[in-house]
Amino acid sequence: MIELFFVSCLSAVPVRCQDRSLIFVETNLMACMVHGQQVMAEWIESHPRETVQEWQCRTVDRRKAEI
């Protein structure tokens, strides 16, 4: 599993931020890096009151993943 981890903040209150993640089961780390920018653009479009401060792709340890 690959996690697209990102931090989003409210546009009106930039210090109010939240950690978020999207999980991809059928992909690899390189595909996440290549397509992550597009996924983030789509997320921002559907969440117009928020901005993304940073994002990264990382592997998820299935033993530690929350269900």
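Reader: Why is cysteine 17 called partly exposed?
Author: Its relative accessible area is 42%. Buried would need under 20%, and exposed over 50%. The value falls in between, so cysteine 17 is partly exposed. Bear in mind that this is a predicted model.

Reader: How do you know that cysteine 9 and cysteine 17 form a disulfide?
Author: The S to S distance is 1.9 Å. The cut-off is within 2.5 Å. The pair meets it, so the link counts as a disulfide.

Reader: What is the handedness of the link of cysteine 9 and cysteine 17?
Author: It is right-handed, with 100° about the S-S bond.

Reader: And cysteine 9 itself, buried or exposed?
Author: Cysteine 9 has 1% relative accessibility. Buried means under 20%, so cysteine 9 counts as buried. Its partner cysteine 17, at 42%, is partly exposed.

Reader: What makes cysteine 32 and cysteine 57 a disulfide?
Author: Their sulfur atoms are 2.0 Å apart. That is within 2.5 Å, so the pair passes.

Reader: Why is the disulfide of cysteine 32 and cysteine 57 called left-handed?
Author: The torsion about the S-S bond is about -80°, so the disulfide is left-handed. Cysteine 32 sits in helix H1 and cysteine 57 in strand E3. The pair therefore ties together parts that are 25 residues apart in sequence.

Reader: Are cysteine 32 and cysteine 57 buried or exposed?
Author: Cysteine 32 is at 5% relative accessibility. Cysteine 57 is at 10%. Both values are under 20%, so cysteine 32 and cysteine 57 count as buried.

Reader: How many disulfides are there, and in which pattern?
Author: The count comes to two disulfides. With bonded cysteines counted along the chain, the pattern is 1-2, 3-4.

Reader: Now the fold. Which elements does the protein chain have?
Author: One helix and three strands. From the N terminus on, they run β-β-α-β.

Reader: What makes E2 and E3 the edge strands of the sheet?
Author: The three strands form an open sheet in the order E2-E1-E3, with antiparallel pairing. Strand E2 (17–24) and strand E3 (50–59) each have a single partner strand, so one side of each is left without a neighbour in the sheet. From one strand to the next, the twist averages 20°.

Reader: How do you know that E1 pairs with E3?
Author: Nine bridges join strand E1 (residues 2–10) to E3. Pairing needs at least two bridges, so the two strands pair. Their run is antiparallel.

Reader: What packs on the sheet?
Author: Helix H1 (residues 29–46) does, touching E1, E2 and E3. Its direction makes about 160° with that of E3.

Reader: What makes arginine 58 and glutamate 3 a salt bridge?
Author: Their closest N and O atoms are 2.6 Å apart. The cut-off is within 4 Å, so the pair qualifies. The link joins distant parts of the chain: arginine 58 is in strand E3, glutamate 3 in strand E1, 55 residues apart. Glutamate 3 also stands opposite arginine 58 in the sheet pairing.

Reader: Why is glutamate 3 called buried?
Author: Glutamate 3 is at 12% relative accessibility. That is under 20%, so it counts as buried. Arginine 58 has 32%, between 20% and 50%, so it is partly exposed.

Reader: How do you know that glutamate 50 and arginine 20 meet in a salt bridge?
Author: The N to O distance is 3.3 Å. That is within 4 Å, so this pair counts as well. Glutamate 50 lies in strand E3 and arginine 20 in strand E2, so the pair ties together parts 30 residues apart in sequence. Glutamate 50 counts as buried at 14%, whereas arginine 20 is partly exposed at 24%. In total, the structure holds two salt bridges.

Reader: What makes the link between the side chains of serine 8 and glutamate 50 a polar contact?
Author: The two side chains lie 2.8 Å apart at this contact. The limit is within 3.5 Å, so the distance fits. Serine 8 is found in strand E1.

Reader: Why is serine 8 called buried?
Author: Its relative accessible area is 1%, under the 20% limit, so serine 8 is buried. Residues it touches include Arg16, Cys17, Arg20, Trp43 and Glu50.

Conventions: Residues numbered from 1 in each chain as written. Predicted model: local features only at pLDDT ≥ 70, side-chain atom pairs only at ≥ 80, totals over all residues. Heavy atoms only, no water. Helix = DSSP H or I, 4+ residues; strand = E, 2+ residues; numbered from the N terminus. Axes fitted to C-alpha atoms, helices over the stretch in contact; angles between N-to-C directions. Contact = heavy atoms within 4.5 Å. Buried < 20%, exposed > 50% of the residue type's maximum accessible area, 1.4 Å probe, protein only. Polar contact = N/O pair within 3.5 Å; in protein donor to acceptor, adjacent residues only side chain to side chain. Salt bridge = Lys/Arg side-chain N within 4 Å of Asp/Glu carboxyl O. Lists of a residue's contacts leave out its neighbours within four places in sequence.
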